[in-house]
Amino acid sequence: MFERFTKDARAVVMGAVEQAEGAGAGSVDAEHLLLALLDREASRASFALAALGLAERGDAVREALGEARWRAGLSQADAEALAGLGIDVSEIVARIEEVHGVGAMSGDRKEKGWWSGRRSFGRGAKEILEKALRIAVARRDRHVGDEHILLALTVRPGVPGEVLADHGVTYESVVRVLYGGGEAKAG
């Protein structure tokens with residue numbers, strides 16, 4: 001599959017691995033792909049993010065991802081749904097941290113040992129990369145670019161998609177910026 005990835009898309013995948021390693025995560029997940037996209041410059045996805053105003057709000061996105069990690073990966077919508085049932089996620093996390101230490105639910109602890117020396121890709125990251133390929137094929141693009149990874153992140157349910165939507169980055173807005181129908185168009 002990676003033979004169809006552009007240089008920019010491969011850089012996002014490698015950046016996601018670096019993000020996971022830096023966080024001490026056991027595997028690369030969708031959130032790491034989003035963080036890697038935020039670090040990119042001079043690519044189609046970075047153009048789209050800048051046109052949609054996310055380039056200057058990258059810190060807010062990182063903070064929102066960190067909050068979700070603190071909630072053990074629950075999205076804000078999940079936390080609100082649980083609150084509707086009378087379950088206070090913040091209280092549960094606080095109690096767990098009292099017993100197990102700060103960040104106990106964040107998943108940022110380093111795993112013991114690696115069989116291959118490489119980070120594996122979690123289900124979420126695999127789904128994003130597969131969806132990126134499907135989007136490229138559906139658009140009849142010959143290669144998978146970092147813009148396809150961004151589009152895939154916007155349509156997959158979960159924390160990265162929710163965070164992007166909260167900041168005005170949706171599938172429709174990215175398509176409008178990249179492929180026309182809006183004021184800006186990526187070249």
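Visitor: How are helices α3 and α8 oriented to each other?
Guide: In this predicted model, the axes of helix α3, which covers residues 44-51, and of α8 come within 6 Å and cross at roughly 50°. Angles under 35 degrees count as roughly parallel and those from 65 to 115 as roughly perpendicular, so a crossing that falls in neither range has another name. The two helices, α3 and α8, are therefore oblique.

Visitor: Which residues of α8 make the contact with α3?
Guide: On the side of α3, the contact is made by Arg44, Ala45, Ser46, Ala48 and Leu49. Facing them from α8 are Asp146, Glu147 and Leu150.

Visitor: Is Glu147 buried or exposed?
Guide: Glu147 lies in helix α8, which spans residues 146-155. Leaving aside neighbours within four places in sequence, Glu147 is in contact with Arg44, Ala45, Leu178 and Tyr179. Buried means under 20% relative accessible area, and because the relative accessibility of Glu147 is 8%, this residue counts as buried.

Visitor: Which residues does Phe121 contact, leaving aside its neighbours within four places in sequence?
Guide: Phe121 belongs to strand β2, made of residues 120-121, and in space its C-alpha is 5.4 Å from that of Ser27, although the two are 94 residues apart in sequence. With the neighbours within four places set aside, the residues in contact with Phe121 are Val13, Val17, Val28, Lys126 and Leu129.

Visitor: What is the relative accessible area of Phe121, and how does Phe121 count?
Guide: Residues under 20% are buried and those over 50% are exposed, with the partly exposed ones in between. Phe121 counts as partly exposed because its relative accessible area is 22%.

Visitor: What accessible area does the nonpolar surface patch of Leu85, Ile87 and Ile92 have together?
Guide: One of these residues, Ile87, lies in the loop between α5 (76-84) and α6 (89-100), and at 34% relative accessibility Ile87 counts as partly exposed. Leu85, Ile87 and Ile92 together have an accessible area of about 280 Å².

Visitor: What percentage of the residues in the chain is buried?
Guide: The chain holds ten helices and two strands, which run from the N terminus in the order α-β-α-α-α-α-α-β-α-α-α-α. The chain exposes about 10400 Å², of which carbon and sulfur atoms supply 51%. Of the 187 residues in the chain, the buried part is 42%.

Visitor: Among contacts between residues at least 6 apart in sequence, what percentage joins residues at least 24 apart?
Guide: The pair of Phe121 and Ser27 has already shown residues 94 apart in sequence with C-alpha atoms 5.4 Å apart in space. For the contacts in the chain between residues at least 6 apart, the percentage that joins residues at least 24 apart is 65%.

Technical notes. Residues are numbered from 1 along each chain as its sequence is written. This is a predicted model: local features need pLDDT of at least 70, side-chain atom pairs count only at pLDDT 80 or more; totals for chains, interfaces and linings use all residues. Side-chain values use heavy atoms; hydrogens and water are left out. Helices (H or I, at least four residues) and strands (E, at least two) are DSSP runs, numbered from the N terminus. Buried means under 20% relative accessible area, exposed over 50%, partly exposed in between (1.4 Å probe, protein chains only). Contact means heavy atoms within 4.5 Å. Accessible areas come from the Shrake-Rupley method with a 1.4 Å probe; for residues, only the protein chains shown count as cover. Patches are made of residues with over 30% relative accessible area and no salt bridge: like charges are joined within 9 Å, nonpolar side chains (Val, Leu, Ile, Met, Phe, Trp, Tyr) within 5 Å. A salt bridge is a side-chain nitrogen of Lys or Arg within 4 Å of a carboxyl oxygen of Asp or Glu. Axes are lines fitted to C-alpha atoms, for helices over the stretch in contact, and angles run from 0 to 180 degrees between N-to-C directions. Angles under 35 degrees count as roughly parallel, over 145 as roughly antiparallel, 65 to 115 as roughly perpendicular and the rest as oblique.
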